[in-house]
Amino acid sequence: MPFRRWWSRFVAHLNELTLSEARDALRKKQFTSLEITMACLEAIDAAADLNAFVHNTAELAVERARAADKRLSRNETPSMCGLPIGIKDLYCTQGVATQAASRILQGFKPEYESTVTKKLRDVGAVMLGKLNMDEFAMGSSNETSCYGNAINPWRRATDDSPLTPGGSSGGSASAVAADLCLAATGTDTGGSIRQPASLTGITGIKPTYGRCSRWGIIAFASSLDQAGPMTKSVRDAAIMLEAMSGYDPKDSTSANCSVPNFEAALTGHIRGKTIGIPREYKVEGLADDIESLWKQGQDMLKGAGAKIVDISLPHTRYALPVYYVIAPAEASSNLARYDGIRYGHRARLSAGDGIVDLYEKTRAEGFGPEVKRRIMIGTYVLSSGFYEAHYNHARKVRSLIQRDFTDVFAQGVDAILTPATPSAAFDLGELSNTDPVEMYLNDIFTVTVNLAGLPGISIPAGLNRQSLPLGLQLIGQPWEEGELLNIAYTLEKSIDYREKPTKWW
């Protein structure tokens, strides 16, 4: 578009700013929301090969940017006024396509707005568009999307093979890492914010279960799903998390508690804090690069005045099997509503077909292989004769996993430091074409946090030998996101990570 090209002369590099940098500059009138929004729209157009944005809303973004500029001109400065962000395709957005990356929701445009995106809109955030993801958030590599694979903007030093950005929030991670937006929303059911954040060298926080409303977010596993921000820094995560949080009477799992000023909690002082190092996370075959960064992280926190202690979370070894019983069971229940009757895809029927044929054909055509696999597993574990042996037993073990964390925190541990992922980004197709269990193992360090309902954050910690980013994870006490963010902020300052992917797209 000529209009876009005309603007690009004035707005170069504005899309590379962090939320906090852009917020402060907008309040000082150094540029406008329209200018930074146009910079992001230019970047999105230039990065089509990443397949991160799947529903562009450029006209709506320009409209909201102009509205934000009017607010700023009146010195109205809500926390994210004028800041352009991306929205994961799992969030319902009024009048804008919302598919959860599935064919079965093709053509669905909600008449309502999710609570989280409404909160962001109310504080002036500018939605640039909807972001790619694994179908119904089921995946760890963003390869199950009906839109095709999202691509990691990073490349190995040794070859140009396309890499996964992680999943399910792969489009969000790729877009933030490539500076297509200043930040993005994600959702985390078993690590789907923290794992892609680690693989793309950005920050992602999964808050305490109930901190952010799930209303208007398409459900995968209701007792595990939680919304959260994906950003370029810990400070940005604090700013955006506060905007997303708050009690919602429309969500029965929403916690009726106050939302602290998370940014104000970033003092950088952690002297006297106790950081636990779980021996169960020292898994066999952990890459040397990751083990080295983990040790460096411990030394940095110790140097900042924290006390490092060994801890035990004995039921960690059962976390993956428990997760892959509970999550599919809840998914099979949640996805039963997609029947081809009310909205989305509807299969064509043959003469003599009945309502059951409509259900079967619609679901067969609309759902992808991974979603079908998890529905079948979930239906099986909930079926008569297997409910007690599998699902109920998994729920009991989940309680033991929760108790492990409760016991550790009761002993005075303030946060737990672990690797975020067992490896750096891997080739697209490398794991998806093999045993699915190999893919599931990517969540080994993250699923316990969801099972226990705790907050967890991944921050970039360095590069491996192939020049790919690796992350460290901090796990906090429930409802103590402020303290968790401050510990992460202190570690972030010590690491001083400044790496960015070399632009090839």
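Biologist: How do you know that β9 (residues 415–419) and β11 pair, and in which sense do they do so?

Modeller: Strands β9 and β11 pair in the antiparallel sense over 5 bridges, and since two strands count as paired if DSSP finds at least two bridges between them, the pairing is established. Within it, Ile416 stands opposite Ile475 in β11. The same criterion is met by β10 (residues 456–463) and β11, which pair in the antiparallel sense over 7 bridges, with Gly462 opposite Leu470 in β11. Strands are DSSP runs of E with at least two residues, and helices are runs of H or I with at least four, both numbered from the N terminus.

Biologist: What should I keep in mind about the model itself?

Modeller: This is a predicted model, in which local features need pLDDT of at least 70 and side-chain atom pairs count only at pLDDT 80 or more, while totals for chains, interfaces and linings use all residues. Residues are numbered from 1 along each chain as its sequence is written, and side-chain values use heavy atoms, with hydrogens and water left out.

Biologist: What makes β11 (residues 469–476) a mostly covered strand?

Modeller: A residue is buried under 20% relative accessible area, exposed over 50% and partly exposed in between, with a 1.4 Å probe and protein chains only; by that cut-off 8 of the 8 residues of β11 are buried. Pro469, Gly471, Gln473 and Ile475 point one way from β11, and Leu470, Leu472, Leu474 and Gly476 point the other way.

Biologist: Why is Ser467 described as partly exposed, and what is its phi?

Modeller: Ser467 has 31% relative accessibility and therefore counts as partly exposed. Ser467 lies in the loop between β10 and β11, and has a positive phi of about 65° although it is not a glycine. Most residues other than glycine have a negative phi, and most peptide bonds are trans. Another positive phi, of about 60°, belongs to Asp179, in the loop between α6 and β4 (184–188), but Asp179 is buried, with a relative accessible area of 7%. The peptide bond from Gly167 to Ser168 is cis, with omega near 0°.

Biologist: How do you know that the span of helix α3 (residues 33–46) agrees with its number of residues?

Modeller: The expected span of a helix is 1.5 Å times one less than its number of residues, so the 14 residues of α3 should span 20 Å, and its end C-alpha atoms are indeed 20 Å apart. Because 11 of the 14 residues of α3 are buried, the helix is largely enclosed by the rest of the structure.

Biologist: Why is Glu113 called buried, and which polar contacts does its side chain make?

Modeller: At 9% relative accessibility, Glu113 counts as buried. A polar contact is a pair of N or O atoms within 3.5 Å; within protein, one must be able to donate a hydrogen and the other to accept it, and residues adjacent in sequence count only if both atoms are side-chain atoms. The side chain of Glu113 reaches the backbone nitrogen of Gln94 at 2.8 Å, and makes a polar contact with the side chain of Thr117 at 2.9 Å, so both distances fall within the cut-off. Glu113 lies in the loop between β2 (84–88) and α5 (115–122).
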